[in-house]
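Work through the exercises below with the structure open beside you. Try each task before reading its solution.

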Amino acid sequence: ATFEGRFTDSTNLRIAVVVARFNDLVTGKLLSGCLDCLARHGVDTSTESGQLDVAWVPGSFELPIVAQKLASSSNYQVVITLGAVIRGDTPHFDVVVSEASKGIASVSRETGVPVIFGVLTTDTLQQALERAGIKSNLGWSYALQALEMGSLMSSLPSP
Ligand code: INI
């Protein structure tokens, strides 16, 4: 068999988005790109709809614990994390990025729910903004990856 995700199953998916407030000039733009893409693929992105919930965390370091609670709730087929870690002069850049990425990967594997890694890691604010709407908006790509993974996971045989 060949297993592939579709982008046309979106009305059956329940999706949680976890967004970091740190660098919210950037993460707010990622969130709007993400919601725009989901809406244009048929997801009811109203947070009253029951199809999509949004949770805000202080920074990218906190993404994994909240993603874990949401992913293990059985309420969602896919979780999207959004954050922006900008090196700038931040000495603990590597710590924040490493904890966020390792944490998100392990939540995904432990819960079996795909958790999309939507954390921008850049040297400058300019580079982050370019990836969050000035040029492209990676929030859009993270939404597509979520739709593809949500669909793919439900097409795979159950254990
Ligand atoms: N959090 C980010 O999401 N991006 C950053 O660039 C960042 N920097 O530079 O420090 C950052 N730090 C906060 C961190 O994620 C936690 O919220 C904080 O350490 C409390 O646990």
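The exercises cover the ligand site and three loop residues of this predicted model.

**Exercise 1. Find which pocket holds the ligand, and list the residues around the ligand.**

Step 1. Locate the site. The ligand sits in the largest pocket.

Step 2. Collect the residues around the ligand. They are Phe 22, Asn 23, Gly 59, Ser 60, Phe 61, Glu 62, Ala 84, Val 85, Ile 86, Thr 90, His 92 and Val 96.

Step 3. Sort this shell by class. It has 6 nonpolar, 5 polar and 1 charged residues.

Step 4. Look for the main contributor. Strand β3, residues 78–86, gives the most to the shell, with 3 residues.

**Exercise 2. Work out which N or O atoms of Ser 60, Phe 61 and Ile 86 lie by oxygen atoms of the ligand, and how much of the ligand is buried.**

Step 1. Take the side chain of Ser 60. One of its N or O atoms is 2.7 Å from an oxygen atom of the ligand.

Step 2. Move to the backbone of Phe 61. An N or O atom there lies 3.1 Å from a ligand oxygen.

Step 3. Check Ile 86. A polar backbone atom of this residue is 3.2 Å from an oxygen atom of the ligand.

Step 4. Turn to area. Taken alone, the ligand exposes 460 Å². The protein buries 77% of that.

**Exercise 3. Place Asn 23 and Ser 74 in their loops, give phi for each, and decide whether each is buried, partly exposed or exposed.**

Step 1. Start with Asn 23. This residue lies in the loop between β1 (15–20) and α1 (24–40). It also belongs to the shell around the ligand.

Step 2. Read its backbone angle. Phi of Asn 23 is near 60°, a positive value in a residue other than glycine.

Step 3. Classify Asn 23. Its relative accessibility is 23%, so it counts as partly exposed.

Step 4. Go to Ser 74. Its loop runs between α2 (63–71) and β3. Phi is near 65°, again positive in a residue other than glycine.

Step 5. Classify Ser 74. Exposed means over 50% relative accessible area. Ser 74 has 62% relative accessibility, so it counts as exposed.

**Exercise 4. Describe where Gly 112 sits, its exposure, and its separation from Ala 71.**

Step 1. Find the loop. Gly 112 is between α3 (93–111) and β4 (115–122).

Step 2. Classify it. Gly 112 has a relative accessible area of 40%, so it is partly exposed.

Step 3. Compare chain and space. Gly 112 and Ala 71 are 41 residues apart along the chain. Their C-alpha atoms are separated by 8.3 Å.

How values were computed: Residues are numbered from 1 along each chain as its sequence is written. This is a predicted model: local features need pLDDT of at least 70, side-chain atom pairs count only at pLDDT 80 or more; totals for chains, interfaces and linings use all residues. Side-chain values use heavy atoms; hydrogens and water are left out. A residue is near a molecule or strand if one of its heavy atoms lies within 4 Å of it. A polar contact is a pair of N or O atoms within 3.5 Å; within protein, one must be able to donate a hydrogen and the other to accept it, and residues adjacent in sequence count only if both atoms are side-chain atoms. Accessible areas come from the Shrake-Rupley method with a 1.4 Å probe; for residues, only the protein chains shown count as cover. On a 1 Å grid over the protein atoms alone, a cavity is a set of points where a 1.4 Å probe fits but cannot get out, and a pocket is an open set with protein on both sides within 12 Å along at least five of seven lines; lining residues have an atom within 4 Å of a point. A molecule sits in a cavity or pocket if more than half of its atoms lie within 2 Å of its grid points. Helices (H or I, at least four residues) and strands (E, at least two) are DSSP runs, numbered from the N terminus. Ala, Val, Leu, Ile, Met, Phe, Trp, Tyr, Cys and Pro count as nonpolar, Asp, Glu, Lys and Arg as charged, and the others, Gly among them, as polar. Buried means under 20% relative accessible area, exposed over 50%, partly exposed in between (1.4 Å probe, protein chains only).
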